[in-house]
Amino acid sequence: MGCDILEILDKIKFNVKKKAVVNFLEKSDPQKIIKIGEGKLIHAFQNVAKRVPAYKRILSRMGVDYTKIKNLEDFKNQVPILVKKDIFPKFEIAELCLEGNLDGVKSAFTSSGHSKVFSYGVYMDDSHIRQEQMLDVLLDYFLGEGKKLLINSLAMGVNFSSSYPIFNTSVKSDMVIALIKKFHENYNQIVIFADPYFAKEILEEGIAKGIDWKTLNISLVLGGEWYSNSLSQYLLNLLGTKDQKSKGGFIIGTLGSSELGMNLFSSSPKLEQIRNLAQKDEELRTAIFGSSIKACPELMYYYPMKTFIEVANKNKEGYGDLVFSILNEKVKMPLIRYNSDDVGKLIDSNEIKEILIRHGHLDLIPEFRLPLAAIDGRKSDCVKYRDQKIYAKDINQAIYKNTEIVNKITGYFKISKRKLLLEVQLKKGIELDRKIAVAIQKSIFNLIGINIQVKVYQYKDFPYGMKLDYESKFRFVD
């Protein structure tokens, strides 16, 4: 089946690791990488069917004999697709693990409860080693060598490993700012890991407290929540464009989940640039993402040798429900054909390359030869209006594109399914102004062609404000 990146990380010594991994990422044939994952799939499925008590019961109840699943066609035709409510409310955690026990577990994560059902992930004591190795390789590749300080300002309990020093602040912007003020002169690069909306708060509060971000080498790794291209560009404008030598001011996105793993997808500086260009160029946007797309999806690499990904219930442009099967036999709680409620489509990296060449963007050909995915938000984050669907992601794109209002709002809003009303929270200290509501309404109409009633609230009066602690995902659709 060939060698994959996980085997490289396991077998080679530290001093040659980076070159080997980068060579793998830059020069591999993406179709061969996909075949590596497909080659592991049936064995991974049968391993879970034999060793995970809950999954064994699910298959038995649905009349599936795992020994008769011999190939990819059998797998897709006979193995059930499961959702969160099929698994986590119905089984004890130990039943979802290999051998029906928690032996060897060193850490656990819970989901935010966004779907009103909590899910969980448990991790073995060696899982941080590979994560540390891969994170260091990517940081050095994109940001260059040198002394780096990583600031973990993700929600409490979300941790990661690196050989670089990590300062854990959780979601306390004053701590992040204080650390940057005290330590920035001692490091070539500071990388802040944050929820995209909390990153906005950090940068805006920093400016209010006298930080000129444009003079510092600060980059962001954004995770935990889908974010629009317009938000990404707003944050980049606050950071300022750095010269090539400094390699600062980058934004890299990552997407994962507590139950499947923390880095299922990751973007890169070039993928962010492609997305930004496509948002401005309708012809390029249509060629890459499809004619129905208003707000560009997140464009990200995925790793088919780690996770087999399918798209179920596809529409005519290839978007559908993302379905995941864990291939790594060392994962303690492996899920098979798990629908995460995320919407997206898989993209051939050779096709992207051809599109970029055709449109005259040779300089933006992706860095790695990995397959790509367009992540288009959550399936549940939309409302129906007459014969149209209104997506939270499109509202997000429209709001952050408007420079008149972007620094006056927190970024949190609620759109009601019961009536076409958009409620928006203003930042602390911003007074009510009907012009803000009108500007938001105009931006949304310009993007999607629908007039939405908009109501803005002062920070403390936002009806959903007590839930805004950056510790959990906010529900944009009521």
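**Exercise 1. Find how far apart the mean positions of the positive and negative charges of the chain lie.**

Solution. Start with the counts: the chain carries 71 positive and 58 negative charges. Average the positions of each set, and the two means come out 2 Å apart. Keep in mind as you work that this is a predicted model.

**Exercise 2. Decide whether the radius of gyration of the chain agrees or disagrees with that of a compact globule.**

Solution. Let's take it in steps.
- The chain has 478 residues, and a compact globule of that length would have a radius of gyration near 23 Å.
- The value for the chain is 22 Å, so the two agree.
- For the extents, the C-alpha trace spans about 65 × 55 × 50 Å along its principal axes.
- Turning to burial, 56% of the 478 residues are buried.
- Among contacts with a separation of 6 or more, 68% join residues 24 or more positions apart.
- On the outside, the accessible surface is about 21900 Å², and carbon and sulfur atoms hold 50% of that.

**Exercise 3. Work out which residues have the most contacts inside the largest nonpolar core, and which helix gives the core its largest share.**

Solution. First, the secondary structure: the chain has 15 helices and 18 strands. The largest nonpolar core gathers 65 residues, and L422, I440 and I452 have the most contacts inside it. Helix α15 (residues 434-448) supplies the largest share of this core, with seven residues. Now look at I440 itself: setting aside residues up to four places away in sequence, I440 touches I399, I405, L422, V424, V454 and V456.

**Exercise 4. Explain why helix α10 (residues 229-239) counts as largely enclosed by the rest of the structure.**

Solution. The cut-off you need is that buried means under 20% relative accessible area. Nine of the 11 residues of α10 are buried, and therefore the helix is largely enclosed. Those residues are N229, S230, L231, S232, Q233, Y234, L235, L238 and L239. Next, ask what they pack against: the partners are α9 (196-208), β6 (218-222), β7 (251-257), α11 (269-280) and α14 (392-401). Finally, step just past α10, where G240 takes a positive phi of about 85 degrees.

**Exercise 5. Describe where A94 is found and what A94 is in contact with.**

Solution. Begin with the location: A94 lies in the loop between α6 (84-87) and β1 (105-110). Its relative accessible area is 25%, so A94 is partly exposed. Beyond its neighbours within four places in sequence, A94 contacts G100, N101 and L102. As a last step, take the C-alpha to C-alpha distance from A94 to E283: the two are 51 Å apart in space and 189 residues apart in sequence.

Note on methods: Residues are numbered from 1 along each chain as its sequence is written. This is a predicted model: local features need pLDDT of at least 70, side-chain atom pairs count only at pLDDT 80 or more; totals for chains, interfaces and linings use all residues. Side-chain values use heavy atoms; hydrogens and water are left out. A nonpolar core is a set of buried Ala, Val, Leu, Ile, Met, Phe, Trp, Tyr and Cys residues joined through side-chain atoms within 4.5 Å. Buried means under 20% relative accessible area, exposed over 50%, partly exposed in between (1.4 Å probe, protein chains only). Helices (H or I, at least four residues) and strands (E, at least two) are DSSP runs, numbered from the N terminus. Contact means heavy atoms within 4.5 Å. The radius of gyration is taken over C-alpha atoms; the globule rule is 2.2 Å times the number of residues to the power 0.38. Accessible areas come from the Shrake-Rupley method with a 1.4 Å probe; for residues, only the protein chains shown count as cover. Lys and Arg count as positive and Asp and Glu as negative; His and the chain ends are not counted. The place of a charge is taken as NZ of Lys, CZ of Arg, CG of Asp or CD of Glu.
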